[in-house]
Amino acid sequence: MDTPAIEISDLWFAYGGVRVLEQVNLTLPRGDFLAVLGPNGGGKSTLLRLILGLLKPGGGQLRVLGAAPGQAGGRIGFLPQFTEVSANFPITVLGAVLMGLVRPGISWPRGRAARRREREAAMMALSRVGLAEQAERRLSDLSGGQRQRVFIARAIVSGPELLLLDEPTASVDGRSRQEFMTLLAELNRDMTIVMVSHDMSTVDGCVKSIACVNRTLHHHADSRLTPLIFAQATGADLIAGCPVELLAHGAVPHRVVLDHENPDCCGGRHAHGGARGHDGPNDGGEPNA
Amino acid sequence: MLEALTYDFFRNALYAGLLASLICGVIGSLVVVNRVVFLAGGVAHASYGGVGLAFYTGLPVLPVTAGFSTLAAMAMAWVTLFSRERADTVIGVLWAAGMALGIILLDLTPGYNSDLMSYLFGSILAVPDSDLWLMAGLSGAVLLLVALFSRGLFAMSFDAEFARSRGVPVRFLHFLLMGMTALCVVMVIRVVGLILVIALLTIPPFMAERRARSLRGMMLLAGLFSAVFCTVGLYLSYALDLTCGATIIGVACVGFVISLAVPQRRMPVRPASPLAGSGAA
């Protein structure tokens, strides 16, 4: 249990010769709740796929739960982006959760006892997300927020130690989002959570640390949002000031923005702004969809 | 109908139709939920190259066509996986190339081939016993493959990204699905012809998808719809002296329209919010 949940050193990754990520270093202790913020195309999802073992790193070290990525099996729970799943698919809520127990290889017929164990595990996961009564309904009859909870149940049905979430709140409306974050905080008692998001409002009380990913990674060991984090996370220029739009929307209307305390963190505000000039337009980031 | 059943050719036609329905229900459902209908269409048309090859070389048609369409299916599966950007264009080219090859090879084959049209529009009334056995063997093989890889196939169909994260070999299963589609197409060519294959592969699964509660249920229901269409179509074509394959598809299309008109027991999807609605679309 002493091995960190995630250990990354000098990791880089390139798509067709273009480096999307470089010099990524991160040591994530167990029990942490990390929010990975950053502009679209900054490499957040790529990092998540590297951790899952879906992509092979160009170089550097990466250990997940003490194992090579892709080797940790059922110890990792995963929630892909919502849009991956077709809404018309004929499946019940229970059936969808059971997908979280799928293993590679040939599906030999399972005995009744094995099927019952799987069913019980799925019902347990469903009751943890508060949807046990919906188990026999068709997945397409549920609301977007409920469906997202079903996918959380699918991610935790194997009893993972690490939960990886890709934009979990993107398709969830405001009130459901609040409930959803409360649920994640509860789950965080039993497992380490890494949540990729470009939505600042998800960074509330339950998040314990923040990583800003924009080609490289800055890890902030506490979850207070500073102007620097905003700049890193939105790809905006620090001098442009506080991105009010991001602060004013979402579950928590406005929060205290701390002064930039650690000027060494990424070379100070001017150096930071200058360095950004290489990797993208400096026009304040992309419109927030 | 009973009177028709006394003829051998009609009984064989019925058996062929039911076998094709079984396999169409299973593979068609996978094709529809994996959104590879266009690929399946490509495989169906390219398989004409196999028909041409069989006539040109004088080898038995069904095995040669099966081998040829499996190769075409592998090529198309490879294109969709590794050159995603223009995959649809390349499949379109393979689609046309297979058909052209078939026609040219038939041109080069000495003698006059009256059978030509039968592969385009089906020849269910001329299915010999040997073909029936071959179809049964192919169906058995395909069903066994689906059963052995069912969990992986279902997981891939539902959410490929998640399946990959669980270690499911999604690429292999994609090739497997396309290979099975090729075998399915070869069998259905006998029944409705390669031009109409796509209708039998997609209409019953589409009707079943909205009513089923599991992929297994969708396969069963689609197979059932398909069997009804084949039986009714076969009988109508016999009674009214119409082209059999087209009549079966005609019945399927009528069934499709009726299915759209009949209200479903289940409530339609309520979008919880505009955001959730757009996410689901």
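Which residue in β4(A) stands opposite A:E7? I begin there, and the residue is A:R63. Please bear in mind throughout that the model before you is predicted.

That pair belongs to the first sheet I wish to describe. Strand β1 of chain A, residues 6–15, pairs with β4(A) over five bridges, in the antiparallel sense. Together with β2, these strands form an open sheet of three, ordered β2-β1-β4 in chain A, and the pairing is antiparallel. At the edges lie β2, residues 18–28, and β4, residues 59–64, each of which pairs on one side only. On average, neighbouring strands of this sheet are turned by 25° against each other, with direction ignored.

I turn now to the second sheet of chain A. This is an open sheet of six strands in the order β5-β6-β7-β3-β8-β9, and its pairing is mixed. Its edge strands are β5 and β9, the latter spanning residues 216–220, and each pairs on one side only. Here the average turn between neighbouring strands is 15°, again ignoring direction.

Let us walk through this sheet, starting with β5. Strand β5 of chain A covers residues 76–79 and pairs with β6(A) in the parallel sense, over four bridges. Within that pairing, A:G77 has A:L163 of β6(A) as its bridge partner. Helix α4 of chain A, residues 144–156, lies across both β5 and β6 of chain A, and it runs at about 160° to β5(A).

Strand β6 of chain A deserves a closer look. How many of the five residues in this strand, 162–166, are buried? The count is five of five, so to speak of the strand as mostly covered is to follow the burial criterion of 20 or more other C-beta atoms within 10 Å. As a general point, side chains in a regular strand alternate between the two faces of the sheet. In β6(A), A:L162, A:L164 and A:D166 point one way, while A:L163 and A:L165 point the other way, and all are buried. An aspartate, A:D166, is thus listed among the buried residues of this strand.

On its other pairing, β6(A) runs parallel to strand β7 of chain A, residues 192–196, and five bridges join the two. A:L162 stands opposite A:T192 of β7(A). The connection passes through helix α5 of chain A, residues 174–187: β6(A), α5 and β7(A) make a right-handed β-α-β unit.

Further along the order we reach β3 and β8. Strand β3 of chain A, residues 33–37, pairs with β8(A) in the parallel sense over four bridges, and A:V36 stands opposite A:A211 in β8(A). Strand β8(A) is mostly covered, with five of its six residues buried.

The last pairing is antiparallel: five bridges join β8 of chain A, residues 209–214, to β9(A). Two opposite pairs may be noted, A:N214 with A:T216 and A:C212 with A:H218. The hairpin of these strands has one residue between them, and A:R215 takes a positive phi there, near 70°.

Next, a helix. Helix α1 of chain A, residues 44–52, is mostly covered, as nine of its nine residues are buried. Those buried residues include A:K44, A:S45, A:T46 and A:R49, alongside A:L47, A:L48 and A:I51. After α1(A) comes A:G53, whose phi is positive, near 85°.

The nonpolar core comes next. The largest such core holds 167 residues, and the members that touch the most others are A:V97, B:V188, B:V197 and B:L200. Helix α10 of chain B, residues 170–192, supplies the largest share of this core, 16 residues. Beyond its neighbours within four places in sequence, B:V188 is in contact with B:A20, B:C24, B:V197 and B:L200.

I close with confidence in chain A. The mean pLDDT is 76, and 73% of the residues reach 70 or more. Where is confidence lowest, and where highest, in chain A? The lowest mean, 33, is found in helix α8, residues 268–276, and the highest, 94, in helix α2, residues 93–98. Over residues 237–289 of chain A the pLDDT is below 50, although this stretch has 66 contacts in the model beyond near neighbours in sequence. Where pLDDT is low, the predicted coordinates should not be read in detail.

Technical notes:
Residues are numbered from 1 along each chain as its sequence is written. Chains are lettered from A and ligands numbered from 1 in the order in which they are written. This is a predicted model: local features need pLDDT of at least 70, side-chain atom pairs count only at pLDDT 80 or more; totals for chains, interfaces and linings use all residues. Two strands pair if DSSP finds at least two bridges between them. Axes are lines fitted to C-alpha atoms, for helices over the stretch in contact, and angles run from 0 to 180 degrees between N-to-C directions. A nonpolar core is a set of buried Ala, Val, Leu, Ile, Met, Phe, Trp, Tyr and Cys residues joined through C-beta atoms within 7 Å. A residue is buried if 20 or more other C-beta atoms lie within 10 Å of its own, exposed if 12 or fewer, and partly exposed in between; C-beta atoms are placed from the backbone. Two residues are in contact if their C-beta atoms, placed from the backbone, lie within 7 Å. A crossover is right-handed if, with the strands pointing away from the viewer, the path from the first strand over the helix to the second runs clockwise. pLDDT is the predictor's confidence in each residue, from 0 to 100.
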